[in-house]
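Let's take a walk through this structure, starting with what it takes to call a residue buried or exposed and ending in the core.

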Amino acid sequence: MRGLSTPELMEGKNLFNPFDRANDQYVLPLTLTQYIGYLGPLPLEMIRESPLVATYVDE
């Protein structure tokens with residue numbers, strides 16, 4: 001079972017759409033961009049502690 005966000009529960013749609021439909025693959029930079037667009041800047045500790053996130057985002 002996966003977690004659900006409020007928009008998924010209330011409106012039946014995902015807040016984030018991290019898939020490149022043309023190439024049928026997950027795209028992390030797209031997810032980060034959508035997250036920042038909806039929720040604002042990433043927490044600094046997330047950037048510092050995640051080598052994967054730090055690849056795409058700097059302090």
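Before we look at single residues, one yardstick: a residue is buried when its relative accessible area is under 20%, exposed when that area is over 50%, and partly exposed in between. Keep in mind, too, that this is a predicted model.

Now for the overall layout. The protein chain has four helices and two strands, and reading from the N terminus, the order of elements is α-β-β-α-α-α. Of the 59 residues in the chain, 20% are buried. The accessible surface adds up to about 4,900 Å², and carbon and sulfur atoms account for 55% of that. As for contacts between residues at least 6 apart in sequence, 11% of them link residues at least 24 apart.

Start with the strands. Strand S1 covers 19-20 and strand S2 covers 25-26, and aspartate 24 sits in the loop between them. Have a look at the backbone there: phi of aspartate 24 is near 50°, which is a positive value in a residue that isn't glycine. The relative accessible area of aspartate 24 is 71%, so this residue counts as exposed.

Next, the aromatic rings. Searching the whole structure turns up one aromatic pair. The partners are phenylalanine 19 and tyrosine 26, arranged edge-to-face, with 6.0 Å from centre to centre and 75° between the planes. Why edge-to-face? Because planes over 60 degrees apart fall into that class, and here the angle is 75°. Are these two rings' residues buried or exposed? Neither, as it happens: phenylalanine 19 has a relative accessible area of 41%, so it is partly exposed, and tyrosine 26, at 46%, is partly exposed as well.

Tyrosine 26 also leads us into the helices, since threonine 31 touches Tyr26 along with Phe16 and Pro18, leaving out residues up to four places away in sequence. Threonine 31 belongs to helix H2, which spans residues 28-39. Its relative accessibility is 16%, so threonine 31 counts as buried.

Finally, the core. In soluble globular proteins, nonpolar side chains tend to be buried together. Which residues make up the largest nonpolar core here? There are six: Leu28, Leu32, Leu42, Ile47, Val53 and Val57. Valine 53 is a good place to zoom in: setting aside neighbours within four places in sequence, valine 53 is in contact with Leu32, Leu42, Met46 and Ile47. Among those partners, Leu32, Leu42 and Ile47 are themselves listed in the core.

How values were computed: Residues are numbered from 1 along each chain as its sequence is written. This is a predicted model: local features need pLDDT of at least 70, side-chain atom pairs count only at pLDDT 80 or more; totals for chains, interfaces and linings use all residues. Side-chain values use heavy atoms; hydrogens and water are left out. A nonpolar core is a set of buried Ala, Val, Leu, Ile, Met, Phe, Trp, Tyr and Cys residues joined through side-chain atoms within 4.5 Å. Buried means under 20% relative accessible area, exposed over 50%, partly exposed in between (1.4 Å probe, protein chains only). Contact means heavy atoms within 4.5 Å. Accessible areas come from the Shrake-Rupley method with a 1.4 Å probe; for residues, only the protein chains shown count as cover. Rings of Phe, Tyr and Trp (its six-membered ring) pair if their centres lie within 6.5 Å; planes under 30 degrees apart count as stacked, over 60 as edge-to-face and the rest as tilted.
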